Structures are given as structure tokens and as C-alpha cells.
Amino acid sequence: MPVKGMPVRRPQTPGLLSTTYLPSIFKGMWITLRHIFRPKVTMQYPEEKWTLPDNYRGLPVLVKDDDGRTKCVACFLCEYVCPPKAITIQAREITTGVEKGPRTFDINMLRCIMCGYCEEVCPEQAIFLSKTYNLVGVSREQMIFDKEKLLEMGGVRHDPIRKWGRLLDPVGAARAAAPASEAGR
Ligand code: SF4
Ligand code: SF4
């Protein structure tokens with residue numbers, strides 16, 4: 001029994017003009033010409049930068065107080081709460097007797113998910129999520145930011161929390177007034 005089906009429509013043989021491709025070329029040029037005069041949507045990065053919202057969460061950084069002292073007291077809270085375990089801290093005692101501070105403070109930016117838990121938990125407001133989003137490097141080692149780099153990125157943060165101003169005894173207050181270099185930055 002013969003199988004019945006739909007008749008197949010063969011494409012028509014192209015005309016002489018179509019074989020020159022000129023209609024297709026002019027059609028494409030017309031589309032290009034129309035888009036030349038339309039508003040541009042492509043951002044010329046890195047010359048042009050995004051305007052980020054106030055609550056944008058970029059790379060975490062460390063900050064200093066108004067006197068140029070590292071605000072971190074190496075309490076390890078941020079290291080403890082960090083979900084991907086991106087933070088590694090080594091503490092050291094500070095000779096002024098105020099508190100301790102970080103000897104080393106590394107953040108593995110390849111692990112960091114910019115969740116903001118470290119900023120939330122920090123009792124000294126020493127770590128903040130910056131607006132920096134361009135994370136580039138050519139090796140894994142370059143993606144581990146040490147204390148100096150984090151402090152350089154964070155800069156000085158003006159706020160009322162200053163661990164050096166909390167001393168109750170006058171001897172300690174005098175020590176706190178010592179230059180930052182003596183206070184173990
Ligand atoms: S932002 Fe989140 S993932 Fe990144 S260092 Fe802080 S706690 Fe860890
Ligand atoms: S950055 Fe804040 S939470 Fe982390 S160790 Fe320093 S003081 Fe503690």
C-alpha cells in the first residue's frame with residue numbers, strides 16, 4: 001500500500017539579482033545604518049564604570065581609624081562566621097595593653113562570596129564590603145589579599161568606634177595617645 005504524505009515544496013530557483021547577493025548586502029547595511037543613530041547601550045568599560053547602588057557588596061576590606069590605627073582586634077569572629085572559610089587570621093599582642101591586633105590577616109578572594117557576614121559580625125567595625133568588583137589576577141596567590149593590601153584598599157573610616165579611646169585608666173589613656181607606630185599598628 002503506497003504511503004500518502006504532504007507534497008514537498010522545492011525552493012524556487014533564485015533570480016539573477018539574488019545570485020549577486022546585493023539585496024542581502026543592502027538589507028544588512030540598512031539595518032546597520034538604522035542602529036548608528038540609535039542610543040548606544042554598550043558601556044565602554046573600563047573607561048566607563050558602573051554607578052553602583054549604596055548597598056552594593058563588593059570585596060571585603062580592612063579599615064583604619066582617624067589616627068591611622070588598624071581597627072581590627074583579631075577577635076576571630078569574622079573568620080569563624082565566614083561560610084567558605086576565606087579568612088585566615090594570626091593574632092599578636094599589642095604592647096600598649098589595649099587589646100590584641102592582627103599579625104596577619106588574609107582573605108582568599110577566590111573563596112569569598114561577598115555575603116557580608118564578616119561586616120555584620122565585626123564588633124569594631126573594622127571590616128567592610130567595599131564597592132570594588134574588578135577582581136583580577138594571573139595566579140591563585142595573587143587572589144589572596146594580605147593585611148597590607150586590605151588596609152590600603154579600605155583606607156580610613158570615620159566612625160565613633162575607636163578601640164584606643166576606650167581605656168578607663170589614665171595610664172592606659174596616655175599609652176593610647178602614643179603615636180600609632182608605638183601602638184603596634
Ligand atoms: S564577605 Fe562573606 S565570604 Fe567574604 S570574607 Fe566576608 S564572611 Fe567570608
Ligand atoms: S575584622 Fe572585626 S571580626 Fe574580624 S577579627 Fe578583626 S575585629 Fe574581629
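Two strands count as paired here if DSSP finds at least two bridges between them, a criterion that underlies the description of the sheet in this predicted model. Strands of a sheet pair through backbone hydrogen bonds, and they do so either parallel or antiparallel.

With that criterion in hand, the sheet can be read strand by strand. It is an open sheet of 3 strands in the order S2-S3-S5, and the pairing is antiparallel. Strand S2 (87-93) and strand S5 (144-145) form its edges, each of them pairing on one side only. Between S2 and strand S3 (residues 100-108), which run antiparallel, there are 7 bridges; Thr88, for instance, has Asp106 in S3 as its bridge partner. Helix H5 (residues 147-154) packs on this sheet, where it touches S3 and S5, and the direction of H5 makes about 90° with that of S3.

The sheet belongs to a chain whose secondary structure comprises 6 helices and 5 strands, and these elements follow one another from the N terminus as α-α-β-α-β-β-α-β-β-α-α. Of the contacts in the chain with a separation of 6 or more, 75% are between residues 24 or more positions apart. Among the 185 residues of the chain, 19% count as buried, a category that requires 20 or more other C-beta atoms within 10 Å of the residue's own.

Where, then, does the largest nonpolar core draw its residues from? The core has 22 residues, of which Leu62, Ile127 and Leu150 touch the most other members. Strand S1 (60-62), S3, strand S4 (127-129) and H5 are the elements that give two or more residues to this core, and S4 gives the most, with 3 residues. Leu62 illustrates how separate parts of the chain come together: leaving aside residues up to four places away in sequence, Leu62 touches Thr70, Cys72, Phe105, Ala126, Ile127, Lys147, Leu150, Leu151 and Gly154.

Two of the residues just named lead on to the ligands, since Cys72 and Ile127 are among the residues closest to ligand 2, together with Cys75, Cys78 and Cys122. In total 13 residues surround ligand 2, and this shell divides into 12 nonpolar, no polar and 1 charged. Around ligand 1 there are 14 residues, with Cys82, Cys112, Cys115, Tyr117 and Cys118 coming nearest; the shell of ligand 1 consists of 13 nonpolar residues and 1 polar residue, with no charged ones. Cysteine counts as nonpolar in this classification, so the cysteines named around each ligand fall within the nonpolar part of its shell.

Conventions:
Residues numbered from 1 in each chain as written. Chains lettered and ligands numbered in written order. Predicted model: local features only at pLDDT ≥ 70, side-chain atom pairs only at ≥ 80, totals over all residues. Helix = DSSP H or I, 4+ residues; strand = E, 2+ residues; numbered from the N terminus. Buried ≥ 20, exposed ≤ 12 C-beta atoms within 10 Å, placed from the backbone. Contact = placed C-beta atoms within 7 Å. Near = placed C-beta within 6 Å. Axes fitted to C-alpha atoms, helices over the stretch in contact; angles between N-to-C directions. Core = buried A, V, L, I, M, F, W, Y, C linked by C-beta atoms within 7 Å.
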